[in-house]
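Q: I am new to this structure. Can you teach me how to read it, one feature at a time?

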Amino acid sequence: MHHRTIRSSRVIRAIAVMGLGAAMLTGCAANATAEPGGDAATTAPAAELRLGYFANVTHAPALVGLEEGFFADALGDTKLSTEVFNAGPAAVEALSAGAIDAAYIGPNPAINTFVKSGGESAVVVAGAASGGAALVVRDGIDAPADLAGATLATPQLGNTQDVALRTWLADEGFTTDTTGGGDVHITPTENAQTLTLFQQGQLDGAWLPEPWVSRLVLEGGAHVLVDEAELWPDGDFPTTVLLVSKSFLAEHPETVRALVEGHADAVRFIADEPAQAAADLNAKLAADTGKPLDEAVLARALEHVRFTVDPVAGTFAEVLANGVAAGTAKDGSIDGLFALGILNEVLEARGEPAVSAGGLGTD
């Protein structure tokens with residue numbers, strides 16, 4: 001589908017939404033008590049939506065959606081404010097503090113905030129990306145056994161790649177701890193700093209999301225020891241989901257619907273217009289970080305990520321178990337983590353298949 005066709009379709013959808021207005025108002029009133037804080041007086045569109053995301057290729061739906069204006073178009077009169085984060089735990093902290101309303105984030109921090117709050121903090125309303133994470137290492141490390149005594153980086157303690165590394169190392173017989181001790185030393189480090197330290201020879205490797213995997217390979221001379229896709233059935237595992245404050249969803253369901261509309265537009269645009277989407281992605285990365293990616297880095301990174309609105313909910317029980325075993329997560333119920341009803345209504349209106357909450361929420 002061409003870009004102009006997507007924009008034209010928004011006009012058609014806008015007319016349809018106007019027709020749905022009365023039904024939505026009725027539905028909101030009828031369902032107002034279904035979520036905490038919901039009542040007929042508080043379900044109007046929000047004056048502002050504050051959205052968090054990372055300047056990563058694995059967050060391309062956010063970057064492309066912002067660059068193409070999909071979110072702004074869908075939100076209408078609602079002001080859109082954004083904040084860039086390095087990793088999920090920091091974004092969750094901002095969400096919990098009420099500093100943002102929604103965030104593109106990895107599955108582990110999404111699970112952690114849900115469990116710690118007893119299911120009251122936030123819910124996943126859509127998937128965003130699968131794949132695009134790997135362990136890259138220096139020359140001389142060619143097998144797991146070569147990692148004994150090595151120092152490896154991850155984006156942040158308890159983030160999705162941090163848990164993946166700790167889980168894999170445990171499976172290989174290595175001990176780690178959350179303070180950097182053990183057979184292999186893990187030092188959570190900001191991604192750009194990881195590249196610099198690796199180039200300086202101060203790190204032996206890192207488990208990272210794209211584009212940092214590709215940057216270490218092409219700019220730092222690293223090689224891939226473990227592609228995380230090899231560790232999951234059919235190579236399908238969640239890297240990024242769209243998380244929304246539960247209270248914000250209850251108070252402003254129409255705004256969340258608009259956010260999901262813009263998100264779905266971005267995911268479809270990436271699939272339909274890959275060249276333009278890549279250009280948009282790099283333009284937004286340049287705006288957020290001060291420098292675009294080298295074309296070879298961008299191309300390599302995009303080869304390893306699949307963008308999808310499906311959150312791959314069936315993997316989340318294992319993701320939680322891995323976090324608990326790694327010592328970075330608290331065990332607890334994740335029943336209700338997913339609220340995919342709005343997404344599936346959007347997909348049905350487009351004639352696209354529904355996605356499943358895997359028994360862990362509404363779909």
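A: Start with a term. Buried means under 20% relative accessible area, exposed means over 50%, and partly exposed lies in between (1.4 Å probe, protein chains only). Strands (E, at least two residues) and helices (H or I, at least four) are DSSP runs, numbered from the N terminus. This is a predicted model: local features need pLDDT of at least 70, side-chain atom pairs count only at pLDDT 80 or more, and totals for chains, interfaces and linings use all residues. Residues are numbered from 1 along each chain as its sequence is written, and side-chain values use heavy atoms, with hydrogens and water left out.

Q: What does the chain contain?

A: The chain has 14 helices and 13 strands. Of its 363 residues, 55% count as buried.

Q: How many residues of strand β5 are buried?

A: Strand β5 spans residues 133-137, and 5 of its 5 residues are buried.

Q: Which way do the side chains of β5 point?

A: In a regular strand, side chains alternate between the two faces of the sheet. Here Ala-133, Leu-135 and Val-137 point one way from β5. Ala-134 and Val-136 point the other way.

Q: Which strands does β5 join?

A: Two strands pair if DSSP finds at least two bridges between them. With β8 (residues 205-209), β5 shares 5 bridges, running antiparallel. Val-136 stands opposite Ala-206 in β8. With β9 (residues 223-227), β5 shares 4 bridges, also antiparallel. Leu-135 has Val-226 of β9 as its bridge partner, and Ala-134 has Asp-227.

Q: What is the order of the strands in the sheet?

A: The order is β7-β6-β8-β5-β9, an open sheet of 5 strands with mixed pairing. Its edge strands are β7 (185-188) and β9, each pairing on one side only.

Q: Which helix lies across β5, β8 and β9?

A: First, the angle. Axes are lines fitted to C-alpha atoms, for helices over the stretch in contact (heavy atoms within 4.5 Å). Angles run from 0 to 180 degrees between N-to-C directions. Helix α8 (residues 212-220) lies across these three strands, at about 135° to β8.

Q: At what angle do α10 and α11 pack?

A: Angles under 35 degrees count as roughly parallel, over 145 as roughly antiparallel, 65 to 115 as roughly perpendicular, and the rest as oblique. Helix α10 (residues 253-272) packs on α11 (residues 274-289) at about 120°, with the axes 5 Å apart. The two are therefore oblique to each other. Contact residues include Phe-269 and Ile-270 of α10, and Pro-274 and Ala-277 of α11.
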